[in-house]
Amino acid sequence: MNEFALLITSIECGLIFSLPILGMFLSSRVLKVDDMTLEGSFGLGGALTALLLSQGLSPLLAMPLAMLAAGAAGFITALMHTTLQLNVLMSGIIVTTGLFSINLILAGANISLASHQTIFKLCSFMTDYKLLFLALFAFACVILVRWLLTTQVGFLLQATGHNPRVVQAFAKSPTSFLTLGLVLANMLAGLAGSLLVQYVGFFSIWSSVGTIIITLAGLMLAEMLSTRVNAALIAGAIMYQLVIALTFELQLNPNWNKLITALFIIALLAGKKIVTEKD
């Protein structure tokens, strides 16, 4: 792969991964909870989409179904948190662990979609202008979430994270808005998983492993540009993918990718701490 093709591929992957980053923003920055379910939901979206497409279902139906399934995973996490009093982090780890088996049952270790219909084969625009399509898709999601946060529901979602008593003062249930926020965040992750399997043309059970780290790194990069819901979330996702692309360009052994990612996050955290202390 030449440098230009690698650059385009990195940007396209960044656009796809901007969706779970948007989901992490909702859970971590708006609701103030760390939801590990995003990794499992990402895999679930991919596994269910691969299964449905291999059975001949249209991607226009498979993608919404993948989002709903991922949203259900977020709902279960919220349910475990609110009924069993487990913290969201632990609930998410448990749900993600269970989802690995469900994904394996649904789609097996891998499924090729080379001979099946995908969203990118629906028309010539999708095939010839994949980058433009993904960019429009990602920006549309950012705009929708940005708009949501300006509505009354969005205000109550933010209040749930900052001060649940404000939500109660409006005779609303913080539990309901926490659940809604986690469902929406996981739907975004499921949508990204669905898009990714169609983009690469196959599903692998291992493709979702490390998604939470990718989204975390992308979110931290985005917050170096802005802490609001805007194009910075997309930029952060693309910047992370470009870092990974650089390791390929330098011909580093792919086995080092996870370690490089971990060191990269440590560097980001250290840099953020230094900047905060200076301020």
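Is Gly45 buried or exposed? In this predicted model, Gly45 is buried, because its relative accessible area is 0%, under the 20% cut-off. The residue belongs to helix 2, which covers residues 37-54. Beyond its neighbours within four places in sequence, Gly45 is in contact with Ala66, Gly190, Gly193 and Ser194. Gly45 is also separated from Ala69 by 24 residues in sequence, while the C-alpha atoms of the two lie 7.2 Å apart in space.

Empty space in the model was examined next. Rolling a probe the size of a water molecule over the atoms shows where such space is left. One cavity of 30 Å³ or more was found, and the largest cavity holds about 30 Å³ of space. Its lining consists of Phe42, Gly43, Gly46, Gly193, Leu196, Val197, Phe203, Ser207 and Ser208. Gly193, one of these lining residues, is also among the contacts of Gly45. Helix 2 and helix 9 each contribute at least two residues to the lining of the largest cavity. By class, this lining comprises four nonpolar and five polar residues, with no charged residue.

Ser208, which is among the residues lining the largest cavity, is placed in the loop between strand 2 (202-204) and helix 10 (211-223). With a relative accessible area of 8%, Ser208 falls under 20% and is therefore buried. When neighbours within four places in sequence are set aside, Ser208 is in contact with Glu39, Phe42 and Gly43. Of these contacts, Phe42 and Gly43 also line the largest cavity.

Helix 10, on the other side of this loop from strand 2, has 13 residues. The distance from its first C-alpha to its last is 18 Å, close to the 18 Å expected at 1.5 Å a residue. Helix 10 is largely enclosed by the rest of the structure, because eleven of its 13 residues are buried. The buried residues are Thr211, Ile212, Ile214, Thr215, Ala217, Gly218, Leu219, Met220, Leu221, Ala222 and Glu223.

The model also contains open space. The largest pocket has a volume of about 680 Å³. It is lined by 23 residues, of which Cys13, Phe17, Gln241, Ile244 and Phe248 are the closest to its centre. At least two lining residues each come from helix 1 (3-30), helix 9 (174-200), strand 2, helix 11 (231-249) and helix 12 (257-278). The lining of the largest pocket is made up of 15 nonpolar, seven polar and one charged residue. Helix 9 thus appears in both linings, with at least two residues in that of the largest pocket and at least two in that of the largest cavity.

How values were computed: Residues numbered from 1 in each chain as written. Predicted model: local features only at pLDDT ≥ 70, side-chain atom pairs only at ≥ 80, totals over all residues. Heavy atoms only, no water. Helix = DSSP H or I, 4+ residues; strand = E, 2+ residues; numbered from the N terminus. Buried < 20%, exposed > 50% of the residue type's maximum accessible area, 1.4 Å probe, protein only. Contact = heavy atoms within 4.5 Å. Expected span 1.5 Å × (residues − 1). 1 Å grid on protein atoms, 1.4 Å probe; cavity = no way out; pocket = protein on both sides within 12 Å on 5 of 7 lines; lining within 4 Å. Points joined across faces, edges and corners; volume = space filled by probe spheres on them. Nonpolar A, V, L, I, M, F, W, Y, C, P; charged D, E, K, R; others polar.
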